Amino acid sequence: MKTDDFRKDVNTAVRGDREAFSRLYALVYEELYRTAFYSLRNEHDAADAVSETVLDAFNSIRKLRSEEAFRSWIFKILSAKIKRKQAEYSKSAVDINAPEYESILHENFKFENQELAEAMYRIEDEDRLILSLSVLSGYTGDEIAKICRINPSTVRSRLMRTKEKLKRLIGE
Amino acid sequence: MSDKIKKVLETPEVPDRLKPENITELLDAVPVRKRSRIKTVTAWCTAAAACLVITVGAVKFGSDKMISEQTAIMSAADSKPFGITNGISSGVKDESADEAVSEESDSASADKYTLQIPETLAFEQLGSYERVYEFYRKGIRSYGDIIGEDDDELMINSADAAERNESTVSEEASDISDTYSQAEGISEADVIKANKKGVYYFSTHVYGKTFRYVPFDSRNGRFGEPEETDISSYIPDAESGIREMYLSGDILSVIVYAYSGEDYAYSTAVLTFDVSDGSPEFAGSYIQSGVYISSRMKDNIMYLVTNQHPDYSFRFISDDEDITDEKYMKRVLPFCGESFENSECLDPSCILVPKGWDDRKYFESFVNVSGIDVTSPSVPVSVVSVAGNTEEIYCSQENIYLTEINYNSENEYYETGITRFSADSGTVSPQASGRINGRVLNQFSMDEYKGHFRVATTSFVYGDRGSGWPSNNVFVLDMDMNTVGSITGIAEKETIKSVNFQGDTGYVVTYERTDPLFAVNLSDPENPFITDEFKINGFSTFMRKWSDDLLLGFGVDADEDGIETGIKLTMFDVSDDSELNAVTTYSMNAEKSRRSYHSVYSDAVHDRKALLISPERNIIGFPVVEAIRDEDNNPETKSAYILFRFEDGQFKETGQIKAEGMYPFDRAVYIDDYICMFGGDTAVCAEISEMKETDRIYFETNDIYLWD
């Protein structure tokens with residue numbers, strides 16, 4: 001989408017236009033869903049998180065300050081949704097070895113990626129979110145810091161550590 | 001690697017109902033909210049400000065008197081633009097604060113605890129919550145506030161502190177390592193602390209809720225029965241995890257992340273434990289809004305820096321939310337106190353924002369800086385909340401420097417904003433701010449010496465047709481944060497990897513393919529100059545003075561093409577800054593062959609707190625992880641702790657201890673003749689001179705480890 005079109009859509013969406021909002025959403029929906037899926041490790045919760053994000057975003061888009069901020073803004077909303085859900089999980093300890101996770105892994109990932117996918121499922125909640133924002137959406141450390149509300153240097157070092165960890169977990 | 005990760009991440013198919021073409025249905029299902037929340041805020045603020053109730057009380061949450069007390073603060077603030085702070089502290093402390101205090105008694109204390117801001121400061125104070133909201137609406141960043149306490153309180157605290165210091169001195173001498181601190185007498189936090197009774201530890205590999213006290217007998221190098229302390233019970237109704245800790249005298253102060261999921265309240269708690277008998281007894285607590293950034297401790301005063309991001313909450317709070325409700329206010333305003341329940345928003349008169357904020361377009365965050373006496377933590381000595389962000393902090397004897405990375409959209413450069421706070425016995429107050437080109441790597445890039453602040457940065461230089469490359473600088477600033485001298489354009493196309501300031505000299509390591517060590521002469525603050533440059537393969541990520549003539553570098557080894565191959569120790573000869581040299585180096589490298597894979601890595605490369613260095617004891621220790629995959633593709637990870645000494649101009653390995661538990665070693669301390677190494681579920685003690693193991697224990701834990 002051209003920059004001008006994008007701005008126009010943001011401005012139209014701010015006034016409550018659903019079509020314009022959908023066009024903007026089309027730019028990010030795959031990343032939103034996959035970030036949520038990977039962070040929450042569960043398709044239903046991921047879908048819920050994304051639809052809640054969509055509603056929140058649409059309801060509050062009139063408060064968006066600048067067109068350029070759309071992408072990071074909607075990810076910020078998503079990241080808050082994810083964190084809420086993750087907080088709920090930690091109360092009811094999620095067992096990665098449970099059969100439901102095995103089936104998620106088997107159903108969703110091809111054999112050659114399973115080892116890595118499993119390793120990626122085993123890293124800490126917030127690190128998974130950081131990793132997906134970085135690799136999937138190409139955000140920089142500073143942008144991730146703003147989205148997740150953590151120290152940028154922490155983001156950078158944790159990202160580095162996560163990657164090191166993955167390398168070791170899959171023995172590469 | 002990133003490509004593979006990406007492939008995994010891109011695997012799941014987006015369900016149909018979330019496809020863009022179907023999303024309008026979802027939107028149709030829910031009515032769009034019409035009412036503007038912002039108007040509501042304004043209306044409420046105006047109404048509250050119109051009320052004149054001349055009493056001073058704290059904004060005490062959970063009290064049905066909230067609104068009138070709220071109003072009281074605002075009207076008091078109106079009459080005195082500089083912060084009245086008595087109400088907040090006393091409100092936390094005792095019940096009597098719920099009662100109105102006469103205006104006179106307030107003005108008396110207001111005289112004492114006014115936050116004096118130099119006119120030259122680039123920040124101004126906001127006198128009311130209404131103005132804070134106005135500031136938010138402009139979409140800006142914001143700053144803070146000071147809370148005082150009464151005279152009696154201060155005197156009691158200092159008496160306490162003196163007593164404790166005495167008792168510390170009278171204890172039998174024992175040579176125990178502490179986290180390496182950049183400035184003498186200013187302690188830094190870590191995940192491990194030790195005293196003569198034992199070791200307090202939790203793993204860096206986990207954001208857990210428990211820390212361990214492992215008793216230790218320094219006569220025979222044996223551990224006692226470990227005790228586990230679960231911190232979550234001290235922070236009810238929140239998700240929590242330990243970040244770091246301090247040990248000062250008999251007080252163990254544990255810094256904890258606390259997230260109350262219900263109301264997006266990210267905050268940082270300090271839990272204190274009396275450890276005079278070794279095992280921790282809960283003593284007190286403090287909580288402050290914002291995510292933990294960093295801290296320092298001088299004597300019994302902890303300086304705590306958190307970063308609060310109210311924008312999300314401010315924008316997306318739903319319309320049915322009551323904005324006079326404690327939950328709403330705590331989501332969008334800085335607060336502090338003894339606990340979530342028993343905490344209060346900072347006095348609005350003290351909230352600072354940059355001058356000229358009408359023009360700003362970005363909504364940023366608050367940096368909350370407090371001084372807490374850990375002998376009585378529930379009431380801070382002071383709290384300042386300043387608009388902005390911060391990454392790295394530096395603390396000298398009298399000042400705290402906060403850095404903020406800013407993107408200057410006019411010239412497309414990254415700049416570092418630096419704000420100097422004076423810090424005196426817990427009272428923090430912003431004094432001056434300035435700006436320099438480039439970004440600061442970490443705390444060691446900064447230093448205060450003889451009335452000047454020196455800082456090294458990596459900036460970006462633009463060439464023709466959009467090309468660009470990094471470049472490096474050293475700036476010298478006066479105490480008003482004006483640049484008085486600088487060297488720019490050091491080692492173009494390289495970036496700073498570590499910095500070490502020693503008096504009149506600054507040592508800077510930059511890196512692209514080789515590691516030039518630069519010596520910068522700073523004896524004339526206005527005319528710094530490079531005296532020498534020395535090149536060596538690899539780069540140091542941390543440097544520490546070993547002796548007057550020697551500088552120890554720890555970091556990454558690399559080959560001539562800049563391919564990182566392992567870990568490297570370098571002893572630089574800095575006896576003559578115009579003739580830098582390396583006395584010796586020691587490398588631990590991966591052996592790579594086509595049929596097997598082998599890598600060597602140490603947490604200490606990116607986390608200098610994992611290093612145990614003592615020139616006095618001639619100790620250089622760090623954890624190492626080796627990953628090996630043999631010809632049959634069987635992976636194996638080995639973790640060890642390695643101890644070196646520097647002898648006859650060489651690094652010599654004293655010995656190494658294998659972790660053998662589930663998790664690698666991450667920290668070690670020495671206690672007299674023993675070194676105690678910790679790794680998640682394992683503690684091993686060895687006698688230092690030969691690294692001969694004397695004891696080994698394994699813990700059980702419910703924490704979920706990142707290494708599982």
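How many salt bridges does the structure hold over all chains? The structure holds 26 of them, a salt bridge being a side-chain nitrogen of Lys or Arg within 4 Å of a carboxyl oxygen of Asp or Glu. This is a predicted model, in which local features need pLDDT of at least 70 and side-chain atom pairs count only at pLDDT 80 or more, while totals for chains, interfaces and linings use all residues. Residues are numbered from 1 along each chain as its sequence is written, chains are lettered from A and ligands numbered from 1 in the order in which they are written, and side-chain values use heavy atoms, with hydrogens and water left out.

Chain A comes first. Its secondary structure amounts to nine helices and zero strands (DSSP runs numbered from the N terminus, helices being H or I of at least four residues and strands E of at least two). Along the sequence the pattern reads α-α-α-α-α-α-α-α-α. Of the 172 residues in chain A, 60% are buried (under 20% relative accessible area; exposed is over 50% and partly exposed in between, with a 1.4 Å probe and protein chains only). Contact means heavy atoms within 4.5 Å. Among contacts in chain A between residues at least 6 apart in sequence, 67% join residues at least 24 apart.

Two packed helices are described by the angle between their axes and the distance between the axes. The axes of H2(A), residues 18-40, and H7(A) come within 9 Å and cross at roughly 155° (axes are lines fitted to C-alpha atoms, for helices over the stretch in contact, and angles run from 0 to 180 degrees between N-to-C directions). That angle makes H2(A) roughly antiparallel to H7(A), because angles over 145 degrees count as such (under 35 is roughly parallel, 65 to 115 roughly perpendicular and the rest oblique). H2(A) passes H7(A) in a right-handed crossing, where the near helix is turned clockwise from the far one by less than a right angle; anticlockwise would be left-handed. On the H2(A) side the contact involves Thr35(A), Tyr38(A), Ser39(A) and Leu40(A), which meet Arg128(A), Leu129(A), Leu131(A), Ser132(A) and Leu133(A) in H7(A). These residues divide into five nonpolar, three polar and one charged (Ala, Val, Leu, Ile, Met, Phe, Trp, Tyr, Cys and Pro count as nonpolar, Asp, Glu, Lys and Arg as charged, and the others, Gly among them, as polar).

Ser132(A) lies in H7, residues 125-135 of chain A, and counts as buried because its relative accessibility is 0%. Leaving aside neighbours within four places in sequence, Ser132(A) is in contact with Thr35(A), Tyr38(A), Ser39(A), Ser137(A) and Leu9(B). Glu126(A) is also found in H7 of chain A, and is buried at 12% relative accessibility. Not counting residues up to four places away, Glu126(A) touches Lys83(A), Ile150(A) and Arg158(A). The C-alpha atoms of Glu126(A) and Arg158(A) are separated by 9.5 Å, with their positions 32 residues apart along the chain.

Chain B supplies examples of salt bridges. Glu188(B) pairs with Arg296(B), the closest N and O atoms being 3.9 Å apart. Glu188(B) lies in the loop between helix H8 (151-170) and strand E2 (192-195), and Arg296(B) in strand E11 (residues 291-298), so the pair ties together parts 108 residues apart in sequence. Glu188(B) is buried at 2% relative accessibility, and Arg296(B) is buried at 3%. In a salt bridge between Glu647(B) and Arg645(B), the closest N and O atoms are 2.9 Å apart. Salt bridges that share partners join Arg645(B), Glu647(B), Asp648(B) and Lys652(B) into one network.
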